[in-house]
Amino acid sequence: QVQLVESGGGLVQAGGSLRLSCAASGSTVSLNAMGWYRQAPGKQRELVATITSGGSITYADSVKGRFTISRDNAKNTVYLQMNSLKPEDTAVYYCNYYRIFPGSMNYWGQGTQVTVTS
């Protein structure tokens, strides 16, 4: 099992910034991907950004140029720097840990609320 502990959500005005952190512990492996997904009320959970242990990054089009994902492999921690926040970024943000090998497995954090006011 992998445990994920998220921090950094909150309330911010449009145009502001927040930084999310997620630390993984337990049965972590070296070949993995970590990232963030979000779910707004009445909507499906969607990808925000992911980064593999090798450093490959994927962003949703809606956050490109505003959000930056990074990780510290030694600490098994992933970060999401969110700048120029918009009201439509309001959602519960979930940390994800995807074990690539051996055997694929997904793990989720409990979620952290991000609210952007106009």
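**View 1. An all-strand pattern along the chain.** From one end of the sequence to the other, the protein reads β-β-β-β-β-β-β-β-β-β-β. That makes 11 strands and zero helices, where helices (H or I, at least four residues) and strands (E, at least two) are DSSP runs numbered from the N terminus. Please keep in mind that this is a predicted model, in which local features need pLDDT of at least 70, side-chain atom pairs count only at pLDDT 80 or more, and totals for chains, interfaces and linings use all residues. Residues are numbered from 1 along each chain as its sequence is written, and side-chain values use heavy atoms, with hydrogens and water left out.

**View 2. The overall fold.** Along the principal axes, the C-alpha atoms occupy a box of roughly 45 × 25 × 20 Å. Of the contacts (heavy atoms within 4.5 Å) between residues at least 6 apart in sequence, 53% link residues at least 24 apart. Buried residues (under 20% relative accessible area, 1.4 Å probe, protein chains only) account for 42% of the 118 residues.

**View 3. A nonpolar patch on the surface.** Here you meet Leu 31, Tyr 98, Ile 100 and Phe 101, which together offer about 370 Å² of accessible area, computed by the Shrake-Rupley method with a 1.4 Å probe and, for residues, only the protein chains shown as cover. Such patches take residues with over 30% relative accessible area and no salt bridge (a side-chain nitrogen of Lys or Arg within 4 Å of a carboxyl oxygen of Asp or Glu), joining nonpolar side chains (Val, Leu, Ile, Met, Phe, Trp, Tyr) within 5 Å and like charges within 9 Å. Strand β9 (residues 91-101) contributes the most, with three residues.

**View 4. Phe 101 in strand β9.** Phe 101 sits in strand β9. Its relative accessible area is 56%, so Phe 101 counts as exposed (over 50%; partly exposed lies between buried and exposed).
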